[in-house]
Structures are given as structure tokens and as C-alpha cells.
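Reader: I would like to learn how to read a binding site and the empty spaces of a protein model. Could you take me through one example, step by step?

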Amino acid sequence: MDYFNYKDNELYAEEIKVRDLVEQYGSPLYVYSKATLERHLRAFEDALVSKKHLVCYAVKANSSLAILNIIANFGCGFDVVSKGELMRVLAAGGSASKVIYSGVGKREDEIEFALQQKIKCLNIESESELYKVSEVAKRLGVVAPVAIRVNPNVDAKTHPSISTGLKKNKFGIAFEDSLRLYQIIKDDPNLEATGIDCHIGSQMTSGGPIIEATDKLIELYHQLEGIGVKVDHIDIGGGLGVTYNDETPPSPYEYLAAVLERLKDIDVSVYCEPGRAMVANAGILLTKVLYLKSNSERNFCIVDGSMSDLIRPALYGSWMNIVPAIKRGADDALEGSDSNGNKLYDVVGPICESDDFLGKDRNLNVREGDVLAVRGAGAYGSTMSSNYNSRPLCAEILVEGDKAFVIRDRQREEDLWENERIITKIEEQFS
Ligand code: LLP
């Protein structure tokens, strides 16, 4: 459930008409609903209330400072995968003591920064990384808290591009190697094993795979007891899916209840790393219809939003719901529309790539100048946007009731080349 609803055929973000937001702030425009985000935060916290836990929001899903600040104020932790993400969390008011650090290729300076900030835990993804962390910890004179990110070889049954828990994926350390690495950690005074971690994939729409993975982590937990290693947390990663179209993922409560049931007799905190389930449906991308054109085969609805603003459809073929800001009736339809007033459109952007689309084969009753909303755009939307075709990044707005706050200014064209140099000018500098 979210707080983007129609009233009298007009789409609202909480209590504000989305058309008014475009009027005021331009388009394309990301709009987030604070109430929706808080609802999701509460859902995860409530689901885990019966056990010690830490919800570590996966910053990569949406790293806007304002969003991170709301999450930090709610008391949640964070899962980061770069120094940049960690610095964002700190800039947003989060505490490193509630941050875990994942990622298959952490640089030495990133490890150093994380340890200096007294990060909660580093999730280790290779034997070489383990030695690197030990070396850095020794140099800094600290003991590094670590967990092995176990690759349990469990099929998350999701899109292959976002599946991470199989042996063919680059992520984590094979289950069968994990015990040996925990022995190495145990024998190393610069390291302390504080947890067991896994993350098997994203947009999972059933609870089965995470249960299978949890069972593997529990098996490892008992093996660790056998070698005298007692970890304080088990981290089941992120991955809970959302409804973009007709998917029916379990609720956070259903998803986590099954995990808690498995862990009920084990004295550990449960960590999880939700990204998408927290923010996807808390955000929409608003875009304006620039032109409608047709040929003998297709109708194109050309909008001012593109794959540079929202790459998921182009990159993964993801289906995202596109709805009009005002619902027009069948009596207010263009010539050639069906009995419901719709025409079948490919909703495409201005970028010079055939794959620049936001949706294909969509039934819409729209006019040039209308506003469309891409729903479920709060996760992996703005964070994956780019400046391709020298397009400035969108402005971003957070709505709270009847108030709208600009949480990111629209980039200006001049900002795009701020850090660039024309070579002749460099020569001038040295002459
Ligand atoms: N933890 C780790 C270590 C991760 O790699 C990820 C996501 C998460 C947590 C959060 O997963 P979530 O709860 O959001 O499913 N760009 C793709 C999704 C990539 C996910 C990468 N890792 C998309 O737009 O679908």
C-alpha cells in the first residue's frame, strides 16, 4: 500500500496533486511519499519485534540524503557497498555503529575509512579480502568486526541479472569454504567474527529461497559452535520483492516470520538488508508527454523522462506501471481509440537508443502535455540514473501531507561539465 492515490480522477502524492508538482518543479521529477516510507519502515520493525534485530536499509536502492535521514531517525541501520554510500549515511545523520559494509571489491582506502569510522561489520566476500582487512586493521591498531558473506548456492528464482546466491555469481564465499575462513578469522588477532551473512538476490516474490538460505546459515552457525566461534548476528540480506504488475510477494511480516521461526532457539540478532521493499513504492517518476506519433505499426508516446532517469525497463526489461496524472473518460479520447478511450502506446524517451523506453504496449488515454507517473520508481531509480545524452539529473521532491520539499535540485546543464577541462586551457595554465 502506498500514498499515491486518485481523488476525482486526479493522481495525488499524499495530499498534493502530482500535476501541481510538475507545474512547480518541472519534469521529469522524482516524488517520494514520506508516509509510505515510514509505513514500510514500521512494517519491517514490527515484523522483527520478537527478536533482537537490526534492519539495515540497503543504501543502493535510494541514497538521497533526505531518505537516509528519515531512515536513520527511525532507528534503522544501513547496508553500504562503497565509501561514498558510507559517507552519505554519515552526512545524513546515520551512525557507523549501525552500518554493515557489503561488496565484492572493497578498496583498501574504503576498508580503512570503514574501520576508522568503527563500522558495525564488514561482510567479507573473498579470502584475499579477508587478508586485506586484517592487514589494514593491524596497521590501524584495531580489531575488525567481520562476517563471511556466504554464497549458499540457493536459487532466488528471480531475474538472472539480480540473482546473487548461485555459484555462477561473483558474490560471496562458497558455503563449503566458509568454515575454513572462520577458522582463519579465529586465529587472527586483528579480526573478530561477529556474524554470518548472505544475500541471495533481489525482487524475490516467494519466501522459499530465503528459508532455504537461512537453513544453510543455521547449519554453518552450528559448525562454528563446533570450532568455538560464537557469532552475535545472522544477516539474511535483502531481496524481498514488490508488486510492479501482478506479483504477489509476501509481506515483510510473512517473509520474516518464517525466518524467525527457524532462528527461534538460536541466540543471535537477526539482521536484514531490505532496499527495494522499503522504497520502491514510496516513489514515482513524473514525466510529461512531449509528442504523440504513429506509424502503420505502432503508436509512440514520447515523454521527457528516459532511460537516463530510470534505466530499469531498458536494462532488465522490467515492467513498471505507467499511469496518467488525470484519468480521462472514454468520451474524452483521441480518434482511433478503443471503446475505453485508450490507444496502445510504446512510452519512449528522448534518448538516441532504441531501448530508451519506460514501457511498451501500454493502454493509455493521453494528450500531448499530459503528465504520466511511473510507479514503483523509488528503488533503483534515481540511484541508477546517468547523464547520458548530457541530460541533467532530475529534481527530487519529498511530500509530507500537503507539504512538498525539494530534496535534490534539478541539475543544471552547466553542472555537467563542471569538472572537465579543455586541453588548450590546461596548456595555458602551464605557459
Ligand atoms: N544487500 C546486498 C548485499 C545487495 O547486493 C542488495 C541489492 C541488497 C541488500 C538489497 O536488495 P533488495 O532488498 O533491494 O532486493 N538494480 C536492480 C537491483 C539490484 C540489487 C543489487 N543488490 C533492479 O533495479 O532491480
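Author: We can begin with where the ligand lies, keeping in mind that this is a predicted model. Domain 1 (4–31 + 280–417) and domain 2 (34–276) each contribute residues to the shell around the ligand, so the ligand lies between them.

Reader: Which residues come nearest to the ligand?

Author: A useful habit is to begin with the whole shell and then to look at individual atoms. The shell holds 19 residues, of which Ser202, Glu273, Arg312, Tyr316 and Tyr380 come nearest. Sorted by class, this shell around the ligand has 6 nonpolar, 7 polar and 6 charged residues.

Reader: What do the side chains of Ser202, Glu273 and Tyr380 place beside the ligand?

Author: For a polar contact one looks for a pair of N or O atoms within 3.5 Å. In this model, a polar side-chain atom of Ser202 is 2.3 Å from a ligand oxygen atom, while Glu273 has a polar side-chain atom 2.5 Å from a nitrogen atom of the ligand. For Tyr380, an N or O atom in the side chain lies 2.6 Å from an oxygen atom of the ligand. As for burial, the ligand taken alone exposes 590 Å², and the protein buries 92% of that.

Reader: In which pocket does the ligand sit?

Author: Here one compares the ligand with the open spaces found for the protein atoms alone. The ligand sits in the largest pocket, which holds about 580 Å³ of space. This pocket is lined by 29 residues, and those closest to its centre are Lys60, Thr164, Phe171, His199 and Tyr380. By class, the lining of the largest pocket has 10 nonpolar, 11 polar and 8 charged residues, and at least three residues of that lining come from each of domain 1 (4–31 + 280–417) and domain 2 (34–276).

Reader: How much space lies in the second largest pocket, and which residues are closest to its centre?

Author: The second largest pocket contains about 480 Å³ of space. Among its 22 lining residues, Met1, His40, Val242, Thr243 and Asn281 are the closest to its centre.

Reader: How many cavities of 30 Å³ or more does a search of the whole structure find?

Author: A cavity, unlike a pocket, is a space that the probe cannot leave. The search finds 1 cavity of 30 Å³ or more, and about 30 Å³ of space lies in this largest cavity. Its lining consists of Phe44, Gly237, Gly238, Gly239, Leu240, Tyr255, Leu256, Cys272 and Pro274, which by class gives 6 nonpolar, 3 polar and no charged residues.

Methods
Residues are numbered from 1 along each chain as its sequence is written. This is a predicted model: local features need pLDDT of at least 70, side-chain atom pairs count only at pLDDT 80 or more; totals for chains, interfaces and linings use all residues. Side-chain values use heavy atoms; hydrogens and water are left out. A residue is near a molecule or strand if one of its heavy atoms lies within 4 Å of it. A polar contact is a pair of N or O atoms within 3.5 Å; within protein, one must be able to donate a hydrogen and the other to accept it, and residues adjacent in sequence count only if both atoms are side-chain atoms. Accessible areas come from the Shrake-Rupley method with a 1.4 Å probe; for residues, only the protein chains shown count as cover. On a 1 Å grid over the protein atoms alone, a cavity is a set of points where a 1.4 Å probe fits but cannot get out, and a pocket is an open set with protein on both sides within 12 Å along at least five of seven lines; lining residues have an atom within 4 Å of a point. A molecule sits in a cavity or pocket if more than half of its atoms lie within 2 Å of its grid points. Ala, Val, Leu, Ile, Met, Phe, Trp, Tyr, Cys and Pro count as nonpolar, Asp, Glu, Lys and Arg as charged, and the others, Gly among them, as polar. Domain bounds come from an automatic or database domain assignment. Grid points are joined across faces, edges and corners, and a volume is the space filled by probe spheres set on the points.
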